[in-house]
Amino acid sequence: MTRDTLKDWPAPAKLNLMLRIIGRREDGYHLLQTVFQFIDLCDWISFEWLPGSEVILVNPLPGVPQESDLTVRAARLLQETCGVRRGVRISVDKRLPMGGGLGGGSSDAATVLVALNVLWDLGLTEQELIELGVGLGADVPVFIKGMAAWAEGVGEQLTPVELPRPWYVIVLPACQVATGKIFAAPDLTRNNSSVTITDFIAGERANDCLPVVARLYPEVAAALQYLSRYAEARLTGTGACVFAAFSGQKEAQAALQSLQSRWQVYLARGLNRSPLLDKLSQAAESIK
């Protein structure tokens with residue numbers, strides 16, 4: 001195993017291209033229909049071995065204790081599940097915003113599960129990793145799968161889909177949306193009728209969380225209104241980020257330049273395959 005094998009594992013962001021809530025389980029989790037697509041914005045995760053079995057996060061997030069961080073929980077979950085007695089120091093080059101609806105924390109956890117499964121030679125299957133990952137968060141499975149997908153259940157029933165790959169302009173309003181607050185709101189639509197992949201392709205793109213998010217977070221409503229001047233603006237997940245798709249980079253770049261004087265804005269390309277899969281292939285080849 002080379003030193004490079006331990007470094008720079010990508011944890012890409014995602015967008016929810018639609019989000020529909022069709023029920024609620026007895027344990028409180030909501031039943032969803034959504035479409036995930038990755039974008040080429042990533043956190044980057046590196047590993048160093050430690051003696052013993054300690055798991056250390058080098059750069060914990062402000063206000064998040066190490067034991068609560070999803071990367072540490074993912075590593076310890078693998079240790080407990082597989083009886084691993086090896087330690088690891090985890091470094092996260094954090095580039096994705098917290099509370100933005102881009103899935104940064106879930107993607108970081110998925111990358112730790114996928115990477116350490118190979119680096120520790122654990123031999124867990126993709127499905128076994130997904131079953132572990134869903135216990136950390138409903139968005140973790142799609143990052144393990146690594147393919148743009150139609151998702152149902154709480155997000156763990158995944159059907160890969162091939163989508164157009166537009167350029168996205170993503171606006172981050174100056175607020176963090178508390179996902180739990182949105183799903184606890186009394187006026188959240190929880191019993192929408194189900195749709196099909198065909199309905200999505202035909203143009204069904206609504207996000208059932210949008211009315212509640214826009215009411216509770218005026219910054220998000222303002223960003224949606226402003227971005228709509230350039231293209232159809234949509235909410236990803238429960239926000240706070242909103243996004244719009246553009247067929248060409250030049251058109252997207254022009255919108256970004258107009259928006260960035262007022263907002264924090266990102267330009268990204270849609271991806272149907274996660275860069276994590278490419279890193280995984282490289283690592284597996286290096287370890288042979």
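A pocket, as I use the word, is an open set of grid points with protein on both sides within 12 Å along at least five of seven lines, and its lining residues have an atom within 4 Å of a point. Keep in mind that this is a predicted model.

I start with the largest pocket. Its lining is made up of 45 residues. Which of them lie nearest its centre? Those are Leu70, Ser106, Gly137, Asp139 and Thr179. Five elements give two or more residues to this lining: strand 1 (9-24), strand 2 (30-50), helix 1 (70-82), helix 2 (104-119) and helix 5 (179-184). By residue type, the lining of the largest pocket has 22 polar, 18 nonpolar and 5 charged residues. The volume of the largest pocket is about 1,200 Å³.

Next, the second largest pocket. Its volume is about 230 Å³, and 14 residues line it. Leu17, Leu163, Pro164, Phe200 and Arg205 are the ones nearest the centre of this pocket. Helix 6, residues 197-201, supplies the largest share of the lining, with 3 residues. The lining of the second largest pocket divides into 10 nonpolar residues, 3 charged and 1 polar.

Now the helices. Two packed helices are described by the angle between their axes and the distance between the axes. How do helix 1 and helix 2 pack, and at what angle? The angle is about 30 degrees, and the axes of helix 1 and helix 2 are 8 Å apart. Angles under 35 degrees count as roughly parallel, so helix 1 and helix 2 are roughly parallel to each other. The crossing of helix 1 past helix 2 is right-handed. On the helix 1 side, the contact is made by Leu70, Thr71, Ala74, Ala75 and Leu78. On the helix 2 side, Gly105, Ser106, Asp108, Ala109, Val112, Leu113, Leu116 and Asn117 take part. Of the residues in this contact between helix 1 and helix 2, 8 are nonpolar, 4 polar and 1 charged. Two names come back here: Leu70 and Ser106 are in this contact, and both are among the residues nearest the centre of the largest pocket.

Helix 2 also packs with helix 10, residues 275-287, at an angle of about 10 degrees, with the axes 10 Å apart. That angle makes helix 2 roughly parallel to helix 10. Helix 2 passes helix 10 in a right-handed crossing. Thr111, Val114, Val118 and Leu119 of helix 2 meet Leu276, Leu280, Ala283 and Ile287 of helix 10 in this contact. The residues of the contact between helix 2 and helix 10 come to 7 nonpolar, 1 polar and no charged.

Last, two points about the backbone. Which peptide bond is cis? The bond from Gly239 to Ala240 is cis, and its omega is near 15 degrees. Ala240 sits in the loop between strand 8 (234-235) and strand 9 (242-246). The other point concerns Asp8, in the segment before strand 1. Asp8 is a residue other than glycine with a positive phi, near 60 degrees.

Technical notes: Residues are numbered from 1 along each chain as its sequence is written. This is a predicted model: local features need pLDDT of at least 70, side-chain atom pairs count only at pLDDT 80 or more; totals for chains, interfaces and linings use all residues. Side-chain values use heavy atoms; hydrogens and water are left out. On a 1 Å grid over the protein atoms alone, a cavity is a set of points where a 1.4 Å probe fits but cannot get out, and a pocket is an open set with protein on both sides within 12 Å along at least five of seven lines; lining residues have an atom within 4 Å of a point. Grid points are joined across faces, edges and corners, and a volume is the space filled by probe spheres set on the points. Helices (H or I, at least four residues) and strands (E, at least two) are DSSP runs, numbered from the N terminus. Ala, Val, Leu, Ile, Met, Phe, Trp, Tyr, Cys and Pro count as nonpolar, Asp, Glu, Lys and Arg as charged, and the others, Gly among them, as polar. Axes are lines fitted to C-alpha atoms, for helices over the stretch in contact, and angles run from 0 to 180 degrees between N-to-C directions. Angles under 35 degrees count as roughly parallel, over 145 as roughly antiparallel, 65 to 115 as roughly perpendicular and the rest as oblique. A crossing is left-handed if the near helix is turned anticlockwise from the far one by less than a right angle, and right-handed if clockwise. Contact means heavy atoms within 4.5 Å.
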